[in-house]
Amino acid sequence: MPGAIEIGSATIHRIVEQEGPFFDALQFFPAMTKEFLDENRGWLQPRFLDANDKLILCIQSYVVQTQHHTIMIDTCVGNHKSRPTRSFWNMMNSDRYEKSLAASGFSVNDIDFVMCTHLHTDHVGWNTRLENGCWVPTFPKARYVFADRELAYWTKRQQDDPVACPWIVDSVLPIVAANRADIVKSAHAFNDLVTLIPTPGHTIDHYSVQVGRLGAHAIITGDMIHSPLQARFPELGMMADYDSKQAGESRRVLFDRVCDTSTIMCTAHFPSPSTGRLVRHRDAFDFIDV
Ligand SMILES: [Zn+2]
């Protein structure tokens, strides 16, 4: 399939729902100063930052096809979902996701497992779809893999404040109610080719997904990184982090391990092509295309 990444016997496909300028960079990275942004604008524009200082982001899933399973990692924003605090994601009604899935050769019936790296609104949306006024699992055969502490945290948060996180109500709890959730540790060997790696900080129990055997790896990062700025400056936190200090430590640990190797990083939110490798850059890292 054109555009697919081959990792040994597995293939990895990008399923794009949206791409464009979304968030003001200075709001997205609250600790970033105007001067800091000015210093980095030269390499960020025009690919990662638009002329109005908005970050250009992709919203996408990855599908990993192995000889035994077809696994979807993260499920974007979804359709018909009320997101009052995010106008660009509110009540979406688009066929782009479905078309993107079909263009990669998959239908919703092909997905055996859905893995949510974390339970934020842009990673759980297509877990469910609206049918006769009810939220039902989008992928009829799939088991949904959630990290235990992540699910517990968001379930409690929703109970404590029922209107604060509508995506838990419409895209996570219906999966649990339908007995489709597989609740695992964020360090979890799914099989001999697919391993969940804990990368906490952005959320309480965030995981990334490693695909392939030693020396021929890809890592689906989820939101342990949002922008190549966080490769150059791993300690730079983003606005929705649970614990930015811990997120920075997670970046240092994983990037130290994979930098200057052939490991392909498949990011959730970098603009297309969204994938690349990490190389050493001064006391940190640089994200380069492959
Ligand atoms: Zn995200």
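**Group meeting: the zinc site and the sheet**

Okay, let's start at the metal. The four donor atoms around the zinc ion subtend angles of 85 to 165°, so the arrangement comes out as irregular. For four donors to count as tetrahedral, all angles have to lie between 85 and 135 degrees, and the upper end of our range, 165°, is why this one doesn't get that label. Keep in mind that we're looking at a predicted model, and that water is not among the atoms, so a site may look incomplete.

Who are the donors, then? We have Asp-122 and Asp-223, each through OD, plus His-123 and His-269, each through NE2, at 2.1 to 2.2 Å from the zinc ion. Written along the sequence, the spacing is D-H-x99-D-x45-H. Take Asp-223 and His-269: that pair links distant parts of the chain, 46 residues apart. Asp-223 sits in the loop between strand S13 (218-222) and helix H8 (229-232), while His-269 is in the loop between strand S14 (264-267) and strand S15 (275-281).

Are those two buried or exposed? Asp-223 has 2% relative accessibility, so it counts as buried. His-269 is at 4%, so it counts as buried too.

Since S15 has come up, let's follow it along. S15 runs antiparallel to strand S16 (residues 284-289), and six bridges join them. Together they make a hairpin with two residues in between. Arg-282 is in that turn, with a positive phi of about 50°. And if you want a pair to click on, His-281 stands opposite Ala-284 in S16.

Now, over to the sheet. It's an open one with seven strands, in the order S1-S2-S3-S4-S5-S8-S9, and the pairing is mixed. At the edges you find strand S1 (5-7) and strand S9 (181-184); each has a single partner strand, so one side of each is left without a neighbour in the sheet. From one strand to the next, the twist averages 25°.

Within that order, strand S4 (residues 70-73) pairs with strand S5 (residues 113-115) in the parallel sense, over three bridges. Met-72 is opposite Val-114 in S5 there.

What packs on the sheet? Helix H3 (residues 96-103) does, touching strand S2 (10-24), strand S3 (54-65) and S4. The direction of H3 makes about 155° with that of S2. Then there's helix H5 (residues 148-160), which lies across strand S8 (143-147) and S9. H5 runs at about 85° to S8.

That's my tour, thanks.

How values were computed: Residues are numbered from 1 along each chain as its sequence is written. This is a predicted model: local features need pLDDT of at least 70, side-chain atom pairs count only at pLDDT 80 or more; totals for chains, interfaces and linings use all residues. Side-chain values use heavy atoms; hydrogens and water are left out. Two strands pair if DSSP finds at least two bridges between them. Helices (H or I, at least four residues) and strands (E, at least two) are DSSP runs, numbered from the N terminus. Axes are lines fitted to C-alpha atoms, for helices over the stretch in contact, and angles run from 0 to 180 degrees between N-to-C directions. Contact means heavy atoms within 4.5 Å. Donors are N, O and S atoms within 2.8 Å of the metal (3.2 Å for Na, K and Ca); water is not among the atoms, so sites may look incomplete. Four donors count as tetrahedral if all angles lie between 85 and 135 degrees; four count as square planar and six as octahedral if opposite donors are over 155 degrees apart and all others between 65 and 115; anything else is irregular. Buried means under 20% relative accessible area, exposed over 50%, partly exposed in between (1.4 Å probe, protein chains only).
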